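Dear colleague,

I am passing on a structure that you may wish to look through before reading my notes, which come after it.

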Amino acid sequence: MKRSTVLLLIALVVTFCTLTNLSTSMAADDGFKSLFDGKTLCGWEGDSKLWRVEDGAITGETTADNPLERNTFLIWRGGEVDDFEIHFQYRIRNHNSGLQYRCWEQPGLVTGGYQADLVVDSPDSPWSGILYEERGRGIIATKGQKVVVGEDHKPKVVGSVGEVDDILAAIKKGEWNDYTVIVKGYKFIHIINGKQTVEVVDNDVEKRRRSGKLAFQLHAGPPMKVQFRNIQLKRLPK
């Protein structure tokens, strides 16, 4: 092999390695932190009879022989969040779940607060992507709504972020879906599979929350199974 050819190959290898290292460095510096190691529930606390790791995913499950009388939660013990962006994937079989954020905790692995809902959707029950407040003001915004909550504690629809049918069509029933929640100040945005589902501004000074914990929900009622993976959190500047 000619010397010039060897030098060219070396240069190409060096360039490739440099670009690879740069790409890795950029990915590592994007501000996102993984909250799940894919193998254990380290950093999370929940009822071990209900939560486990299965196939590389956090898995919550109830059965006819192991039912729930009230909602329970898997709580992240990495501290409280205020302004943040979180990405995760979910897959649900039957019933209702969600991610609670800026939530408060009471004894018995029970939490309350803002919740990015996810369910097994149907045309007459299109709840995935809504903003619900557990143990609080209830449903704040449903699919496609842009909402402002006033000091009277009541949500007011002020616009739209998309058509309900389009959002519903983007959600893959029984398969993995991508969920994003962006929280900045008192503005909340939920996105599923690239489709924005709600936008809420909470001007309810008495009821709104500036910070709190993160938790995944396992809902009381019929048997269900929900899974979460690729959970990435980025804290945003206030």
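Below are the points found around one strand, a nonpolar core and a serine.

This is a predicted model, in which local features need pLDDT of at least 70 and side-chain atom pairs count only at pLDDT 80 or more, whereas totals for chains, interfaces and linings use all residues. Residues are numbered from 1 along each chain as its sequence is written, and side-chain values use heavy atoms, with hydrogens and water left out.

Strand β6 (residues 84–93) has 7 of its 10 residues buried, where strands are DSSP runs of E of at least two residues, numbered from the N terminus, and buried means under 20% relative accessible area with a 1.4 Å probe and protein chains only. It pairs (at least two DSSP bridges between the strands) in the antiparallel sense with β13 (residues 177–184) over 7 bridges, Phe88 having Tyr179 as its bridge partner. With β17 (residues 224–235), also antiparallel, β6 shares 9 bridges, and Glu85 stands opposite Lys234 there.

The largest nonpolar core (buried Ala, Val, Leu, Ile, Met, Phe, Trp, Tyr and Cys residues joined through side-chain atoms within 4.5 Å) has 42 residues, and Phe228 is among those with the most contacts inside it. Beyond four places in sequence, Phe228 is in contact (heavy atoms within 4.5 Å) with residues including Phe88, Trp176 and Ser97.

Ser97 lies in strand β7 (residues 96–106) and is buried, with a relative accessible area of 0%; its side chain reaches the backbone oxygen of Gln217 at 2.5 Å.

Best regards

Note on methods: Buried < 20%, exposed > 50% of the residue type's maximum accessible area, 1.4 Å probe, protein only. Helix = DSSP H or I, 4+ residues; strand = E, 2+ residues; numbered from the N terminus. Polar contact = N/O pair within 3.5 Å; in protein donor to acceptor, adjacent residues only side chain to side chain.
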